[in-house]
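Trainee: Let us go through this model together. Please keep the steps short.

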Amino acid sequence: MMTPRSGSDATPETRLRQLGIELPEHPAAPIGNFRNVTRTGRLLYVSGQGPIRADGQRLTGKVGRDVTADEARQSAELVAVNILAAVKVEIGQLSAVERVVKLLGMVNAEPDFIEHPYVIDGCSDLFYKVLGEVGTHARSAVGVSSLPNNITVEIEAIIEVDD
């Protein structure tokens, strides 16, 4: 895993470019009566985001049947990109992120699938690569019997930002 150098002055946006990742300018619209991000004080509550590509294509399927753990992990990395895009729209620049506090990762999985943490590490690892130490967080990774529109993973986040 690539790790940011200690003391590096590279911004999260610079790290994204180095990784060849471009954030969507406009995160996917919510599929219900809610906001992508709600701010209270210094905390951002990011609603569950799915693996939706910039062209609107959703990555779907049940892990352990239609999708491998490695494919689902890639979906979780795409969700990290979408979370970062939603946060950037809300606060303007990712360098204002003080700490990723907590993630809840849900995996659309077969009942006998047990690699939920491995899948959600796709998101956790990308946050660390982009944000450095402030990207590490508390986390839960659970399996669920279904997710909206049959998406493979859904992840929500709590993020602390500058005033």
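Mentor: Begin with a definition. Two strands pair if DSSP finds at least two bridges between them. Keep in mind that this model is predicted.

Trainee: What is the mean pLDDT of the protein?
Mentor: pLDDT is the predictor's confidence in each residue, from 0 to 100. Here 95% of the residues reach 70 or more. The mean for the protein is 94.

Trainee: Over which residues is the pLDDT below 50?
Mentor: Where pLDDT is low, the predicted coordinates should not be read in detail. The stretch in question has nine contacts in the model beyond near neighbours in sequence. Its pLDDT is below 50 over residues 1–7.

Trainee: In what order do the strands of the open sheet lie?
Mentor: The sheet has five strands, with mixed pairing. Neighbouring strands are turned by 15° against each other on average, direction ignored. The order is β1-β2-β5-β3-β4.

Trainee: Which are the edge strands?
Mentor: Look for strands that pair on one side only. One of them covers residues 37–40. The edge strands are β1 and β4.

Trainee: Do β3 and β5 run parallel or antiparallel?
Mentor: Strands of a sheet pair through backbone hydrogen bonds, in either direction. Nine bridges join β3 to β5. Val107 stands opposite Val153 in β5. At another bridge, Val97 has Val161 as its partner in β5, and the two strands run antiparallel.

Trainee: How many bridges join β3 to β4?
Mentor: These two strands run parallel. Lys102 stands opposite Ala138 in β4, and Gly105 stands opposite Ala141. The number of bridges is seven.

Trainee: Which unit do β3, α3 and β4 make?
Mentor: β3 and β4 run parallel, and α3 belongs to the unit with them. The crossover is right-handed. Together they make a β-α-β unit.

Trainee: Which strands does α2 touch as it packs on the sheet?
Mentor: The direction of α2 makes about 40° with that of β5. That strand is among those α2 touches. The full list is β1, β2, β3 and β5.

Trainee: What angle does the direction of α3 make with that of β3?
Mentor: α3 packs on the sheet too. It touches β3, β4 and β5. With the direction of β3, the angle is about 155°.

Trainee: Which element gives the largest share of the largest nonpolar core?
Mentor: This core has 40 residues, and Ile83, Val87 and Ile159 have the most contacts inside it. Elements giving two or more residues include β2, β3 and β5. The largest share is 12 residues, and it comes from α2.

Trainee: Which residues is Val87 in contact with, leaving aside neighbours within four places in sequence?
Mentor: Val87 is one of the core residues with the most contacts. Its partners include Ile159, another of that group. The list is Val37, Leu44, Val46, Gly92, Leu94, Val97 and Ile159.

Trainee: Is Ser75 buried or exposed?
Mentor: Ser75 lies in helix α2. It touches Pro51, Leu59, Thr152 and Val153, not counting residues up to four places away in sequence. The cut-off for buried is under 20% relative accessible area. Ser75 has 3% relative accessibility, so it counts as buried.

Trainee: How far apart in space are Ser75 and Thr152, C-alpha to C-alpha?
Mentor: In sequence, they are 77 residues apart. Yet Ser75 touches Thr152. Their C-alpha atoms are separated by 7.0 Å.

Technical notes:
Residues are numbered from 1 along each chain as its sequence is written. This is a predicted model: local features need pLDDT of at least 70, side-chain atom pairs count only at pLDDT 80 or more; totals for chains, interfaces and linings use all residues. Side-chain values use heavy atoms; hydrogens and water are left out. A nonpolar core is a set of buried Ala, Val, Leu, Ile, Met, Phe, Trp, Tyr and Cys residues joined through side-chain atoms within 4.5 Å. Buried means under 20% relative accessible area, exposed over 50%, partly exposed in between (1.4 Å probe, protein chains only). Helices (H or I, at least four residues) and strands (E, at least two) are DSSP runs, numbered from the N terminus. Contact means heavy atoms within 4.5 Å. A crossover is right-handed if, with the strands pointing away from the viewer, the path from the first strand over the helix to the second runs clockwise. Axes are lines fitted to C-alpha atoms, for helices over the stretch in contact, and angles run from 0 to 180 degrees between N-to-C directions.
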